[in-house]
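User: Please go through this structure with me as a series of short questions. I would like the reasoning given before each result.

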Amino acid sequence: MHSQGELIRIAIDEAHCISEWGHDFRPAYKQLSWFRRHLNEPPVPISAFTATATPRVRRDIINILGLEPARLKLFNTPSARPNIHYEIRYLEDFAEDPLEIENFQLNDLHSWLKSIRTRREARLDAKDAVLPPIFGIVYVPYRVIAEQLATALTKVSDGSIRAVAYHAGLSSEDRNRVQTEWTASRPLAAEEGPHPSFYIIVATNAFGMGIDNPHVRFVVHWTPPRSFEGLVQESGRAGRDGRAAASLIYYNTQERDRVLDRLYKDVQNAKIRAGIKGDNGNENQDSYTKAVHNLQSHSARLQSFKQVIRYCETVTQCRHELIKDFFGDQELEMMGSQVAGRNVKTEGATTSPCDFACDFCKYGTVELRKRKASMPPRSDPSAFMDRSLVQSIQRMFSDLH
């Protein structure tokens, strides 16, 4: 195609996968540097797209793809979505078993949904009218939770909520059916059952890539997302039509510590495999290189989750500003000037006020401190963590606060 002049442009989607410091690194993406090395006469333009790239990841994308600084053009929009209301729900209790849903959290979510329904009916003066359902996503960490929560939401709502589980364990036919129904954005016919006020997908993070329903009004994270990039990407599936939407995260210290425990152990094991701890004398160079890459990937996941913690536990800063800080929105223009001279294009203002579209700007520090203080005392991590990990976490939180 190239030799015949038929290759006009190469477009790479989900470009953060190119970088080992991206939250979804895929080794095969590194081979995309082949395009610049081999398609040079004439050179083929390359475009790289991503919604979730930190400054470090952006630099990796440019370097690995071999993009030319003198000819590079950068286009960006703000990472925080101005039409999304970001909120943290500090839980006053915690689940003893992470594979079981608890009634206190189920009831809180159900009450929140009822309040949305009530406000909608009052605004439209349509209590007895048949309105199209409100579409939403609830992200959960495990398949079993997806099944349990979908069943429980449907049962507790007396027909006002239609909740369907979605995860990689379903057959491709079931997944396609759920996607088709959910994206149809239409009222259900009479023969399809009672008309619900909400149509909710309860999903693991298997749901999202390639899904495009512009009418999603809310995204709820049942537990803290495992990466900050995932938080922004998944929350950003709400409000794609530009209308008001909500991002809600349920948070408690016990789940935080469970996730940290797993991530620290992954990093420790990766260090051992990379020979940073232990003897790697029997390792060949190939496997050693892979082990080092694996360590970098696990380290990136740990750092990203620490940003999730900072986002959830901060009560003195706008959520939109926290998102923009992490993704280096303020740095983009400076970076573009250094890399591309005058060839910088920016869409949208990165310094737009939140306009009360987050819990901090709506309620203020005093109220958020009160809500955060209502969480149970921090769990004793030694109950389920190695002592060395406990010490590492304690050091991290002393630095954080």
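**Loops, strands, helices and charge pairs**

Analyst: With a relative accessibility of 18%, Glu-14 counts as buried, because the cut-off for buried is under 20%. The model is a predicted one. Glu-14 lies in the loop between strand E1 and helix H1.

User: What is the phi of Glu-14?

Analyst: Glu-14 is a residue other than glycine, yet its phi is positive. Its place is the loop between E1 (10-12) and H1 (27-30). The value of phi is near 50 degrees.

User: Is Asp-355, which has a positive phi, buried or exposed?

Analyst: Asp-355 is not a glycine, and its phi is about 60 degrees. It is found in the loop between strand E10 (344-346) and H12. Its relative accessible area is 63% and the cut-off for exposed is over 50%, so Asp-355 is exposed.

User: Which residue does a cis peptide bond join to Glu-41?

Analyst: Omega of this bond is about -5 degrees. The residue sought lies in the loop between helix H2 (34-38) and strand E2 (46-48). The cis bond joins Glu-41 to Pro-42.

User: How many residues of strand E5 are buried?

Analyst: In a regular strand the side chains alternate between the two faces of the sheet. On one side of E5, Ile-134, Gly-136 and Val-138 are buried, and on the other side Phe-135, Ile-137 and Tyr-139 are buried. For strand E5 (residues 134-139) the count of buried residues is 6 of 6.

User: Which residue of E8 is the bridge partner of Phe-135?

Analyst: E5 pairs with E7 (residues 198-203) in the parallel sense over 6 bridges, and there Val-138 has Val-202 as its bridge partner. E5 also runs parallel to E8 (residues 216-221), joined by 5 bridges. In E8, the partner of Phe-135 is Val-216.

User: Which side chain makes a polar contact with the side chain of Arg-237?

Analyst: Arg-237 sits in the loop between helix H7 (228-235) and strand E9 (245-251). It is buried and has no salt bridge, and the nearest side chain of opposite charge, Glu-234, is 4.8 Å away. That distance lies outside the salt-bridge cut-off, which is within 4 Å. The polar contact, at 2.9 Å, is with the side chain of Tyr-139.

User: On which residue is the kink in helix H12 centred?

Analyst: At 1.5 Å a residue, a straight helix of 15 residues would span 21 Å, but H12 (residues 359-373) spans only 15 Å between its end C-alpha atoms. The buried residues of H12 are Asp-359, Phe-360, Gly-364 and Leu-368. The kink is about 85 degrees, and its centre is Thr-365.

User: Which residue of H12 meets Glu-313 in a salt bridge?

Analyst: The side chains of this pair meet at 4.0 Å, N to O, with Lys-372 as the partner of Glu-313. The pair links distant parts of the chain, 59 residues apart, with Glu-313 in helix H9 (residues 285-313). Glu-313 counts as buried at 7% relative accessibility. The residue in H12 is Lys-372.

User: How far apart are the closest N and O atoms of Arg-258 and Glu-255?

Analyst: Both residues lie in helix H8, 3 residues apart, about one turn of the helix. Arg-258 is buried, with a relative accessible area of 17%, and Glu-255 is buried, with 8%. They form a salt bridge, and the closest N and O atoms are 3.3 Å apart.

User: Which residue of helix H6 meets Glu-181 in a salt bridge?

Analyst: An α-helix has 3.6 residues a turn, so residues three or four places apart point the same way. The two partners lie 4 residues apart in H6 (residues 172-183). Glu-181 is partly exposed at 24%, and its partner counts as partly exposed at 40%. The salt bridge, at 4.0 Å, N to O, is with Arg-177.

User: How many residues of helix H10 are buried?

Analyst: The buried residues of H10 are Arg-319, His-320, Leu-322, Ile-323, Lys-324 and Phe-326. Just after H10, Gly-328 has a positive phi of about 65 degrees. H10 (residues 319-326) is largely enclosed by the rest of the structure, because the buried count is 6 of 8.

Conventions
Residues are numbered from 1 along each chain as its sequence is written. This is a predicted model: local features need pLDDT of at least 70, side-chain atom pairs count only at pLDDT 80 or more; totals for chains, interfaces and linings use all residues. Side-chain values use heavy atoms; hydrogens and water are left out. Buried means under 20% relative accessible area, exposed over 50%, partly exposed in between (1.4 Å probe, protein chains only). Helices (H or I, at least four residues) and strands (E, at least two) are DSSP runs, numbered from the N terminus. Two strands pair if DSSP finds at least two bridges between them. Lys and Arg count as positive and Asp and Glu as negative; His and the chain ends are not counted. A polar contact is a pair of N or O atoms within 3.5 Å; within protein, one must be able to donate a hydrogen and the other to accept it, and residues adjacent in sequence count only if both atoms are side-chain atoms. The expected span of a helix is 1.5 Å times one less than its number of residues. The bend at a residue is the angle between axes fitted to the seven residues ending there and the seven starting there.
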